Amino acid sequence: MSEILDNTQKFVVQLLTNHLDKKFLYHNLRHTQRVVKSTKQLLESCSLSDQDKELLVIVAWLHDTGYTKGTANHEESSCEIAEDFLTKEGYDKEALEKVKSCILATKWNTKPTNLMEEIIRDADSSHFAQSSYLETSDLLREELKLLGLKDYNQKDWLELNIQVFRTDHQYYTDYAKEHWLEKKDKNLRKLIKDKKSEKKLAKKEKLKAQFKSESPDRGIQTLYRVTLKNHITLSDIADTKANILLSVNAIIISLALSNLIPKLDNPSNDYLIYPTVIFVFFSVVSMVLAVLATRPNVTSGEFTKEDVANKNVNLLFFGNFHKMALSEYEWAIQEMLKDKDYIYNSLTKDLYFLGIVLNRKYSLLRWTYTIFMIGMILSVIAFAISFKFFGPDRKLELLSQVLLF
């Protein structure tokens, strides 16, 4: 490395490290080093003199030093810094003018006028053909935001990048066209793919927001969900209570039939007839009421199109559709789903009729438990009276009194 190149590198590294605002996430020392590397890569395939090659490497080191003075007209600022530094280094004035011309050629909308300017332009935009372009692009986007120049959203940034790739940028040197253009096109395809993904995501979010606005409020959903759950739980409790009474009374009747009733044909046990009848009667009545409380009540299971059109049928209850064909039921459900009010009405009807069923069950259960309790009490009293006044001991006492007389 020549002395001027070595001094230039040291100067730029020190300048960008110590005097460049940390908000420059893209236009920093790493960017400059990349441009220098790309410049050297391009120079290997170009037929320039050694002096011109050295000049272009110097340009690559100095072309963005103007950012240390701000973003406005940074190319002109870079020219001033380059002139001050190279003049102190005793650099040739004619070569210095070429350096400044090449630095100004890095302006975005400037067209290069010679091979040297084409090389530095291609080197400055070599990141378009690198696999890390998307990450580099995000750094530039964040830099613009931090500097207060522009705050792009993801959608606008993707569209701007695609526009730059398609229309605003081009490679000039033969080497860049041969080796970098294909990689640039690959990055363009990635950008287009990301844009399509963004569109799908935006469409999904739009639909989500639409359905959210059309869907019932969370409080309404919770109301129906909790109420239906409570109704079903209460129905299960009622069935459990009825089953308990059925089991108990079945056991009582079984014991009565096997142990008590066979003894009634003995004249000595005729005092047990009335208590036994009372006992068995109330048990049978309790069983009948328990069965009525749990007995299902299935409706016709059919509906007409007029019923669906007039919203007169609750399609959520199986008893209203169990005899219908699947195709007819699917059609009816689709019609219901088109009308949000129909859905609410069906849920409300479901709650209402569940409440009616629960009221019937619990009313019968109340009577069942009451009759069972009364029956047990009356049976115990009847057995006690029978044993007290008509039992075996009482018969012996009456017999002895008769014999004494």
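Here is a short conversation about reading a pocket and a pair of helices in this predicted model.

Visitor: Let's start with empty space. How large is the volume of the largest pocket?

Guide: Here is the general idea. Rolling a probe the size of a water molecule over the atoms shows where empty space is left. In this structure, the largest pocket has a volume of about 870 Å³. Its lining is made of 31 residues, and those closest to the centre are Tyr26, His27, Tyr67, Trp108 and Leu140.

Visitor: Which helix gives the most to that lining?

Guide: That is helix 7, which contributes five residues. Helix 7 spans 133-146, and at least two lining residues each also come from helix 4 (74-88), helix 6 (115-124) and helix 8 (154-168).

Visitor: How many residues of the lining are nonpolar, polar and charged?

Guide: The lining of the largest pocket has twelve nonpolar residues, 13 polar ones and six charged ones.

Visitor: Now for helix pairs. At what angle do the axes of helix 11 and helix 12 cross?

Guide: Two packed helices are described by the angle between their axes and the distance between the axes. For helix 11 (residues 218-260) and helix 12 (residues 273-294), the axes cross at roughly 150° and come within 9 Å. The two helices are therefore roughly antiparallel to each other, and helix 11 passes helix 12 in a left-handed crossing.

Visitor: Which residues does the "transmembrane region" annotation cover?

Guide: The unreviewed UniProt entry gives that annotation to residues 242-261, 273-293 and 367-390. In the model, residues 242-261 are 95% helix, with end C-alpha atoms 26 Å apart. Residues 273-293 are 100% helix, and their end C-alpha atoms lie 30 Å apart.

Key:
Residues numbered from 1 in each chain as written. Predicted model: local features only at pLDDT ≥ 70, side-chain atom pairs only at ≥ 80, totals over all residues. Heavy atoms only, no water. UniProt positions renumbered as here; feature names shortened; annotations may be inferred. Helix = DSSP H or I, 4+ residues; strand = E, 2+ residues; numbered from the N terminus. 1 Å grid on protein atoms, 1.4 Å probe; cavity = no way out; pocket = protein on both sides within 12 Å on 5 of 7 lines; lining within 4 Å. Points joined across faces, edges and corners; volume = space filled by probe spheres on them. Nonpolar A, V, L, I, M, F, W, Y, C, P; charged D, E, K, R; others polar. Axes fitted to C-alpha atoms, helices over the stretch in contact; angles between N-to-C directions. Parallel < 35°, antiparallel > 145°, perpendicular 65-115°, else oblique. Left-handed = near helix turned anticlockwise from the far one by under 90°.
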